[in-house]
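Take a look at the chain below and turn it around a few times. Then we'll walk through it piece by piece.

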Amino acid sequence: MALNASSHNITGEKTSPNSAAPPPLADDSKKDILAHANSEGNGQSAPGRDGGEKNAEGKVKTAKELEKERKKAEKEAKFQAKKAAQAANKGGAAAGAAPKEKKKKAEKETLPEYVEQTPKGEKKILGSLEDPHRTAYNPKVVESAWYDWWEKEGFFKPEYNDEENYKAGKVKEKGTFVIPIPPPNVTGKLHCGHALGTALQDALIRWHRMRGFTTAYIPGCDHAGISTQSVIENMLWRKEGKTRHDLGRTAFIERTQAWKEEYHASITSVLKRLGGSMDWTREAFTMDKNLSAAVTECFVSLHEEGLIYRSGRLVNWCTRLNTAVSNLEVDNKELEGRTLLDVPGYERKVEFGVLTYFKYPIDGTDEFIEVATTRPETMLGDTAIAVSPRDERYKTLVGKNAKHPFVDRLLPIVADEYVDADYGTGAVKITPAHDPNDYAIGERHKLDFINILTDDGVMNGNAGPFKGQKRFDVRYSVVEELTKLGLFVKKEDNKMKVPLCSKSKDVIEPLMKPQWWMKMEGMAKPALEAVEKGDIRIKPANSEKVYKHWLSNINDWCLSRQLWWGHQIPAYFVRIEGTDSDGTNNDLWVAARTEEEAQQKAEKKFSGKKFSLERDEDVLDTWFSSGLWPFSTLGWPNEESIDLRNIFPTSLLETGWDILFFWVARMIMFSLKLTGKIPFNEVYCHSLIRDSEGRKMSKSLGNVIDPVDIMQGISLADLNEKLRSGNLDPKELKTAEKYQRTSFPQGIPECGADALRMALVGYTTGGGDIAFDVSTIHGYRRFANKIYQATKFALGRLGPDFTPRSAITKSGKESLSERWILHKLNSSAKKINDHLEKREFSLSTQVAYKYFYEHLCDVYIENSKAIFDEGSEEEKESAKQTLYTAIEGGLLMLHPYMPFVTEELWQRLPRRLGDSTPSITVAAFPEPVSELEDETADREYELLVGCSKGLRSLASEYGIKEGGETFIQPLDSATHDVLSIPTSLPSLRALAGKMVSSIKILSPKDAIPTGCAVYTVGASATAYLDVKGRIEIDEEITKAQDRLKKANETVEKQKKIMGFEGWEEKASDAVKEAEREKLKAAEIDGANWQKTLEQFEKLKLDN
C-alpha cells in the first residue's frame, strides 16, 4: 500500500503532533545523495520501497520453519486475502477517475469482523500483509492467538528449556527474578490500577527473561472476605429478599464460590489480554487447599508460641455488615462543620460536625461540670470525666463523682495527661467501651467498660430508658431529654472526621468485642531492621519513611472477622462442664490443625475434666492469608518444595503505596518469622491513578475505567449502560453520566493492550499520582502503527533472498547515517537497561520511543530511501544489514512494554544464521556492544539532523511550501568542517525536504544573512530562512514579540518550579529531566524569537 512517507501512519491520517517528520525526498536530493555516496566510498543506506509489497509475506519464513498444516493455512489465508482485496476493488476507479470515485472507495473500507484462523494454542498463522485486515495496525488482529501459544509452549515457566536442572535445584547462571502478583480481589472486574501494576510487573519480568534469568511471575486471586461477602449479601437481598442466615452457612458459601468462579475467570481473562506473562500452572487462590493449609499452620504455630491470643478489646465495627473491619476498610470523611449525612438504615439524614455541650451534676453538691462531645448518644456509656492535671479550674473536682442523669451510675472525675485543657471545656467525658482514646484512659484508671450497643447499632439494656432505639435516633432524643433537665448548654460547628465503612458506607462504631489478636511489637522489630540494613529496598524513598513510621508505632492486630466467607479460625473453645465459661478467656481456647488435634490438646490441658469443643465461627482477616502470599504460593509450609528452594525469596513486590503497611509490612513480618528469610529483596510502590482532572477514581463519579474498554473501545451509549446496570443511586448516576458525556463524548477509541501498557509504564515517573488520560493512550496506538508500518516497510526492502549476518557486527563500509543509527541503537539499549535497573520506568519508555519513532523512522529511514531505489548493490546490501539490525533491535527493546505487536512483527523478520529462537519472549534483549559505539558519527550526524529540523521548523512556521532559500552558519571551525563534508549537503537536502530549494553553508566569519527568520541549533550553528518579500513584516513583528514574551514567561515559570526548596531532593529523576528539557527548550525558543525579531526590525528599517 502507499504509505505516508513522513510518519508511516495510516494513509490519509495526520502525523501526530510530536512526530515533526520530514517530507518526501525531492528528485534533486536523491541525485545528490547518490552522487556523493560514491565519493564517500561507503554510501548512504536507506530502507526503501513501501512495505507490504506483493509476495513479501512469503519471503519471511522458510519452508523448514513451517509445519505442513501451517503452510497450507497460510496459503489459504493469502488466497482469501486476495479475494477480499479483489472484492474491495471491484468497480474501482480507472486511470483518471474523478475524486468522487475515491470517496466511494473510502466508504467501502468497513471490514467484516476479523476471525482468527489459528487453532487455539498453535503458533499463529501469519496472514498476508495484503489482507485488508493487515494493511495497517489493528490491535484485534495483532493481539490474537499469541498468548495461547506462549502459554502452551511454556515460555513463562521458570523451568522453561531447563527442566532437569530446575528439578535438581539449579537455576540459570544469571540468577532468578520472581514477582508474586498482588492478588486482585474476586469481588469484581479489574480496573486501571490493576492494569498499571500488571504493565510494570510484566515489563520487568519480560526484560529479565530476555536477559537470561530464571523468571517466575506468580498469578492468583484473593478471596477478599468482607468485600466479597458484602457484594453477595447485597445481591441476595436485592434479587431474592433473603439474608445469608436464610440460606445457612453451607449454602451461602456455595453461592459465594459460584460467584468467585465467574469473576475469577474474568480476572484471568483480562490479565492474559493485558499480556501478563504469568505462569498459570502455578496460579494460586488464597482459599485453595495448599494456601488454606498454610493459614492454619501459621495460626496454630503462632498461637502455640503465645503471639496470638484471645481478648475483649475495641474494634472498628460495621453495624450494617455485622463485623469488625480493618483500618484499611475505613474511609475518613472530613467535615468542616455541621453536615447532614445519609446513613444506611435511616430515613432522615444524620447530623455530624457538631460539638454538643452539656452539664453533669456533681454528686452531693449544687455544682456542675460541663463537657462537650461530637457523639452525644455515647454519653449513655460514660463511666468517668477526665481533666488535665494542670487545669486550675477543675483541681477541686478531681476525686469527686458526677452523677449520670439517665442511668444509676456515678462517674469519677480523674486527672489525665491526655486531656487538652484548651479544647472544648477542658473536661472530657470518658466512654471506654466506645472510643479508642477513652479505652486507653479507662485502662489507666481502671474504669468500667460499659457497652451500650447491640451488633446492629441499637441501644441495649445499659442505655436505660433509651433501650431499643437506634444509635443515631438517640443522638437527637438524648439532647431533647438533656434540654428538659436543663443540662443542655449549646451546639457549635466542629471540624472533624467521620469514619465510614468503605464497603457499606455505614458509620463505624468502636465496640468492645472478644476477638483474636496478634502481638506485633516483637515481629515488627526484625521487619524494621531488614529495611534499615538494606536487605529490603523500598522505592520511592518517601514510601520507606511511611513503612518505618508505621512499624515504629505498631499496635496489636485484630485477626477476627464476623463473616462466613474466608478461612474459619482454627481455634476451639473448651466448654468445661459445671463452670461458667467465658469466651474472652484465652486459657479456655486451643488452636489446632484438625479437630482430632484440638481434642488431644484439650485433654492434655484439662486432664480429668469433662468438656465439649466449639470451633470459633469467625473467619480470619483477609490480610492474614495475604500476608503469607510470597511463600505460601511457592509451597510453604512444605519445606521440600522445589519452588520454595529455587525461587524464594522472590525478587520484587510491586504494589500501591496505600497498602504498604496493611499488606507489605505483614508479609515481611510473617516471612521472617515463619521462614527465617525476607520475602522479597525490593518493594516498588507505584502511584495511584486519578482521572484527567486529578480526581480519585470513584464509581459514583463515573471515572472508573475498565481496561477492557480501553483495549477494545466502547461507545458512550455502552459506557452509560454499564453505569445503569450497576448499583449507583440516582444522584450518583446523574453525576457519573455527566462525567462520561464530558470526558468521552465519542466513547473510548480502541487502543489495544500494547498502547495501554506503554502509556501506563510511561506514566510511572516515581513521583506523584497519575492523571490518567485516554487520549494519551490512543496516541500510543498511533505509535504502534508507526512500528507496524516501519517494519512492513523494512520487509519490503529486505527482499526474498536477504540473509542477516549471524551476529550484530559492522562491515566497515557503513555510511555516516548507518553508523549513526547503530550508535543510537547501542546507546538506547544501554540507557533502557540502566533505567529499568534503577526502576526509572518512564525514562526507559522515553528512550525506546525516541529510538524507534524519531531516530529510526523519522530520520534514518527518510534520509536513506534514495540508496534503496538507486544505490549500488554494495550500498544496498550494507543498508539492508543496518536496517535489519535497527528494526530487530527496536522490536526487542520495545517487547517488555508492547509484547503483542513486537511478537507479530519479529516473527515476520528473517532469522539470523544459526538462530532458532522460537519467540521474541525468549529472545536476547539488546546489550551494548563496543563495536557499535561511534561518538563521532553521533556528533556529526546529530548536527545534520538538528540543522534540517531547524530548516523544516522555519519553513513550517512561515508557511513556505516550496522554494525556500536557507543558510546554515556554523559557529566554530569544527562544525564548519562537518558541514563541509561532501555528503553533508545532500543529507541536509534530504532531511529538509522539498520546501527548501537551496541550502547555503556559510563560514563562521561570513556576515549574518539579513531579512531572515532564525533557528539556533544548539551551540554549534544557526539556521536562517530568507523571508524577504514573503511575509507581512508588521504582523510578523507583532507575532514574534508575542512569542518571545510567552517563551520568556515559560522560562521564568520553569525556573520557579525548579527553584522550590527541596525540589532537587524530592523530585524523581524522570521529573527533573523533563523539567530541565522544558527549560532548555523555552530558552532556545526565546533566543530564536529574539534573533528573529532583531532581523525583522532591521528589515522594516531597510524598507
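Let's begin with Cys 1012, which is buried, at a relative accessible area of 0%. Keep in mind that this is a predicted model. Another cysteine, Cys 685, is buried too, at 4%. How many disulfides does the structure hold? The count is zero. In case the word is new to you, a disulfide is a covalent bond between the sulfur atoms of two cysteines.

**The sheet around β32**

Residue 1012 also marks the start of strand β32, which runs from 1012 to 1017. Find the open sheet of four strands in the order β31-β30-β33-β32, where the pairing is mixed. Which strands sit at its edges? They are β31 (996-1001) and β32, and each pairs on one side only. On average, neighbouring strands here are turned by 20° against each other, if you ignore direction.

The partner of β32 is β33 (residues 1021-1026): the two pair in the antiparallel sense, with six bridges between them. For one of the matching spots, look at Val 1014, whose bridge partner in β33 is Tyr 1024.

Now add the helices. Helix α31 (residues 935-957) lies across β30 (964-970), β31, β32 and β33, and it runs at about 150° to β32. Helix α33 (residues 984-992) lies across β30 and β31, at about 145° to β31.

**Another open sheet**

There's also an open sheet of four strands ordered β6-β5-β18-β20, and this one has antiparallel pairing. Its edges are β6 (323-325) and β20 (557-558); each has a single partner strand, so one side of each is left without a neighbour in the sheet. For β6, pairing with β5 (residues 308-318) is antiparallel over three bridges. There, Trp 317 has Ala 324 in β6 as its bridge partner.

**A strand covered on both faces**

Next up is β12 (residues 384-387). Are its faces covered or open? Both are covered: Ala 384 and Ala 386 on one side, and Ile 385 and Val 387 on the other, are all buried. Buried here means under 20% relative accessible area.

This strand has partners too. With β15 (residues 427-430), β12 pairs in the antiparallel sense over four bridges, while with β14 (residues 410-415) it pairs in the parallel sense over three. Val 387 is a handy residue to follow, since you can find it opposite Ala 427 in β15 and opposite Ala 415 in β14.

**The nonpolar cores**

Which residues touch the most other members of the largest nonpolar core? In this core of 224 residues, they are Phe 624, Phe 670, Phe 772 and Phe 852. Helix α28 (residues 841-870) gives the most to the core, with 14 residues. The core also draws at least three residues from each of domain 2 (800-933) and domain 3 (952-1102).

A second, separate core has 34 residues, including Ile 385, Leu 411, Ala 427 and Ala 463. You've already met Ile 385 as one of the buried residues of β12.

Zoom in on Phe 772 for a moment. Leaving out residues up to four places away in sequence, its contacts include Cys 192, Ile 689, Met 697, Leu 756, Tyr 763 and Ile 777. Arg 690, Asp 691 and Ser 692 are also among the residues it touches.

**A few backbone oddities**

Most residues other than glycine have a negative phi, and most peptide bonds are trans. Here are some spots that go the other way:

| Spot | Feature | Angle |
|---|---|---|
| Lys 539 to Pro 540 | cis peptide bond | omega near -10° |
| Trp 636 to Pro 637 | cis peptide bond | omega about 15° |
| Lys 446 | positive phi | phi near 55° |
| Arg 839 | positive phi | phi near 65° |

Where do you find them? Pro 540 is in the loop between β19 (537-539) and α16 (541-552), and Pro 637 is in the loop between α19 (629-632) and α20 (642-646). Lys 446 lies in the loop between α13 (436-444) and α14 (471-484), whereas Arg 839 lies in the loop between α27 (816-837) and α28.

Is Lys 446 buried or exposed? Its relative accessibility is 75%, so Lys 446 counts as exposed. Arg 839, at 7% relative accessibility, counts as buried.

Definitions and conventions:
Residues numbered from 1 in each chain as written. Predicted model: local features only at pLDDT ≥ 70, side-chain atom pairs only at ≥ 80, totals over all residues. Heavy atoms only, no water. Disulfide = S-S within 2.5 Å. Buried < 20%, exposed > 50% of the residue type's maximum accessible area, 1.4 Å probe, protein only. Pairing = 2+ DSSP bridges. Core = buried A, V, L, I, M, F, W, Y, C linked by side-chain atoms within 4.5 Å. Domains from an automatic or database assignment. Contact = heavy atoms within 4.5 Å. Axes fitted to C-alpha atoms, helices over the stretch in contact; angles between N-to-C directions.
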